[in-house]
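User: I'm new to this structure and would love a close look at a single part of it. Could you pick one spot and then walk me outward from there?

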Amino acid sequence: MKNWLNRMLYGLLPGKCILCSAATNRYLDLCLNCETDLPRLPNPCWQCGLTAAEGQEICGSCLIHPPPFSHCFAALEYSPPVDRLIHQFKNQRKIMFGKVLATVLSEQYLRHHMVFPDAWIPVPLHKDRLKHRGFNQALEIAEVLADTTQVPVNPRACRRITDTGDQKSLSAKQRKQNMKNVFTVDFPLNGECIGIIDDVVTTTATVSELTRLLLKHGASDVQIICLARTPVTSRSGST
Ligand SMILES: [Zn+2]
Ligand SMILES: [Zn+2]
């Protein structure tokens with residue numbers, strides 16, 4: 001209903017593309033040309049979201065060392081202009097940029113999935129960081145997905161009890177170490193399949209740690225859904 005209303009309002013008030021400023025004349029403030037040109041990871045591995053060999057659904061790395069989550073779906077590759085849009089969304093309070101990217105994500109998600117998780121859990125922010133930023137970017141994304149899939153958001157199941165700070169300068173191994181005892185589960189799950197929502201997934205250290213904890217506390221399956229996936233682990237972005 002909300003989505004239908006949004007689309008109608010967009011129709012009445014034509015928006016401007018957030019990338020090229022052209023009039024969009026569509027329900028999204030992103031023109032069709034700019035949306036088509038957004039970078040995407042080719043042939044993503046079903047399990048980790050990184051590029052798999054041609055004709056393969058699962059990459060070699062996941063076959064040898066499978067991650068704790070069963071599936072990772074990223075709408076876009078974390079490279080220009082997606083990295084800039086996400087940076088402005090998170091750090092300059094351009095909430096609308098996040099909503100546009102989340103709409104791109106939810107439409108791609110619907111195109112590729114027939115079965116949805118039982119609940120979305122946005123990666124929690126530490127309370128100090130939430131106070132500083134004023135919003136949790138993962139929750140903003142989750143609300144768009146909840147609207148299009150009619151799957152509820154569960155933002156209270158877990159909390160982040162340690163602020164890991166900026167992890168950009170850390171190696172994959174250091175990020176993994178840094179994630180120990182970062183989260184706690186307040187309300188155990190009851191066999192639900194959970195879709196963890198994050199903005200950017202780089203080394204998977206954060207989402208792997210949260211996955212292990214949710215599985216330990218009653219989730220039957222955990223999947224990861226994110227705006228963007230960093231193609232090379234040495235690049236900075238998120239966790
Ligand atoms: Zn455009
Ligand atoms: Zn993989």
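Analyst: Happy to! Let's begin at R93, which is partly exposed because 13 other C-beta atoms lie within 10 Å, and a residue counts as buried only from 20 upward and as exposed at 12 or fewer. Please keep in mind that this is a predicted model. R93 sits in the loop between α4 and α5. Its backbone is worth a look as well: phi of R93 is near 55°, a positive value in a residue other than glycine. Most residues other than glycine have a negative phi, and most peptide bonds are trans.

With that in mind, here are two other places to visit. N43 also has a positive phi, near 35°, and is not a glycine. You will find N43 in the loop between α2 (32-37) and α3 (60-64). With 13 C-beta neighbours inside 10 Å, N43 is therefore classed as partly exposed. The other place concerns a peptide bond: P80 and P81 are joined by a cis one, with omega at about 0°. P81 belongs to the loop between β1 (71-77) and α4 (82-91).

Back to the loop that holds R93, and on to one of the helices beside it. Helix α5 covers residues 95-112, and it packs with helix α7, residues 137-149. Two packed helices are described by the angle between their axes and the distance between the axes. For α5 and α7, the angle is about 45° and the axes are 9 Å apart. The two helices are therefore oblique to each other. As for handedness, the crossing of α5 past α7 is right-handed.

Which residues in α5 and α7 meet? On the α5 side they are I95, G98, K99, A102, T103, L105, S106, Y109 and L110. Their partners in α7 are Q137, E140, I141, V144, L145 and T148. Sorted by character, the residues of this contact comprise 8 nonpolar, 5 polar and 2 charged.

Next comes the sheet. Its 4 strands follow the order β1-β6-β5-β2, and the sheet is open, with parallel pairing. At the edges are β1 and β2 (119-122), each of which pairs on one side only. From one strand to the next, the twist averages 20°. Helix α5 turns up again here: it packs on the sheet, touching β1 and β6, and its direction makes about 130° with that of β1.

Now look inside the sheet. Strand β5 (residues 193-201) and strand β6 (residues 221-229) run parallel and are joined by 8 bridges. To trace this pairing by eye, find G195, which stands opposite Q223 in β6, and then V201, which stands opposite R229 in β6. Another helix, α9 (residues 205-216), packs on the sheet and touches β5 and β6, its direction making about 165° with that of β5.

β5 has a pairing with β2 too: these strands run parallel, and 4 bridges join them. Here A119 stands opposite I194 in β5. How many of the residues of β5 are buried? The count is 8 of 9, and the strand is mostly covered.

So our walk has gone from R93, in the loop between α4 and α5, along α5 to its packing with α7, and over to the sheet on which α5 also packs. Enjoy exploring!

Key
Residues are numbered from 1 along each chain as its sequence is written. Chains are lettered from A and ligands numbered from 1 in the order in which they are written. This is a predicted model: local features need pLDDT of at least 70, side-chain atom pairs count only at pLDDT 80 or more; totals for chains, interfaces and linings use all residues. Axes are lines fitted to C-alpha atoms, for helices over the stretch in contact, and angles run from 0 to 180 degrees between N-to-C directions. Angles under 35 degrees count as roughly parallel, over 145 as roughly antiparallel, 65 to 115 as roughly perpendicular and the rest as oblique. A crossing is left-handed if the near helix is turned anticlockwise from the far one by less than a right angle, and right-handed if clockwise. Two residues are in contact if their C-beta atoms, placed from the backbone, lie within 7 Å. Ala, Val, Leu, Ile, Met, Phe, Trp, Tyr, Cys and Pro count as nonpolar, Asp, Glu, Lys and Arg as charged, and the others, Gly among them, as polar. Two strands pair if DSSP finds at least two bridges between them.
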